[in-house]
Amino acid sequence: MKLIMKALLPILILSIALTGCGASADSSSLVLNKKGVITQTIVEEWDQEQYDKKELQDQIENQITEYGQKIELNSIKTKDGKITVKMTYQDLASYVDYNQVTLFQGTVSQCQASGYLLEGDFKDAKGEPVDRTQVLNIGDKCVVLVFQEPLSVKIPGKILYCSSSLELVSAKEVKASLEENSEDFLLPNPVYVIYK
């Protein structure tokens with residue numbers, strides 16, 4: 001309910017989304033494809049007595065209409081006290097603008113030029129610690145993805161390195177989590193996935 005309420009607070013409009021594409025169906029996730037299309041799945045606790053699904057759907061559809069044609073609401077489903085919303089964004093800029101969150105994709109030099117300095121500890125695809133210098137020396141041969149939301153992210157390539165706080169789910173997927181009982185909506189700092 002945290003992400004839903006976060007989005008509802010400013011103008012009582014929800015900004016959530018959903019994917020299939022191999023991501024877990026019981027947790028929030030983001031899937032990026034090679035063409036730049038982003039599908040987001042958010043799964044939250046849902047109090048059907050307090051909130052109305054149809055009203056929520058209308059609010060999302062109205063907000064999408066105001067935003068433009070680059071976003072699509074795919075589905076809203078409620079089951080077993082949870083709500084799952086699926087939305088598709090035609091590009092990264094639409095996702096960032098619509099949700100007002102951190103999501104960056106580019107080379108190491110583009111990443112640093114945008115203010116993301118690849119700080120923190122890193123590990124390789126096997127989960128072994130690596131020196132930050134090794135990550136920085138990869139240059140512009142690979143792609144860096146930067147995000148700050150607590151969710152699973154599936155990327156269109158093979159993971160080489162990632163922030164050590166991320167859980168390696170597979171060769172193409174990581175999961176970021178908040179500390180237990182955290183009231184925050186976002187991770188304390190951006191996290192990084194380097195892939196090719």
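In what order do the seven strands of the open sheet run? In this predicted model, the order is β3-β4-β2-β1-β9-β12-β11, and the pairing is mixed. At the edges sit β3 (71-79) and β11 (167-170), each of which pairs on one side only. From one strand to the next, the twist averages 15°.

Zooming in on one pair, strand β2 (residues 38-45) runs antiparallel to strand β4 (residues 82-89), and the two are joined over eight bridges. Within this pair, V43 stands opposite T84 of β4. Two helices pack on the sheet around here. Helix α2 (residues 53-67) touches β3 and β4, and its direction makes about 170° with that of β3. Helix α3 (residues 92-99) touches β1 (29-32), β2, β3 and β4, with its direction at about 135° to that of β4.

Then there is the nonpolar interior. The largest nonpolar core has 32 residues, and I60, M87, L145, F147, V153 and V193 are the ones with the most contacts inside it. Plenty of elements chip in: β1, α2, β3, β4, α3, β8 (143-147), β10 (159-163) and β13 (191-195) each supply at least two residues of this core. The top contributor is β4, which gives four residues. Strand β4 thus turns up throughout the picture, as the antiparallel partner of β2, as a contact of α2 and α3, and as the strand that gives the most to the largest core.

A second core, separate from the one above, has 14 residues, among them V130, I138, Y161 and I194.

Notes. Residues are numbered from 1 along each chain as its sequence is written. This is a predicted model: local features need pLDDT of at least 70, side-chain atom pairs count only at pLDDT 80 or more; totals for chains, interfaces and linings use all residues. Side-chain values use heavy atoms; hydrogens and water are left out. Two strands pair if DSSP finds at least two bridges between them. Axes are lines fitted to C-alpha atoms, for helices over the stretch in contact, and angles run from 0 to 180 degrees between N-to-C directions. Contact means heavy atoms within 4.5 Å. A nonpolar core is a set of buried Ala, Val, Leu, Ile, Met, Phe, Trp, Tyr and Cys residues joined through side-chain atoms within 4.5 Å. Buried means under 20% relative accessible area, exposed over 50%, partly exposed in between (1.4 Å probe, protein chains only).
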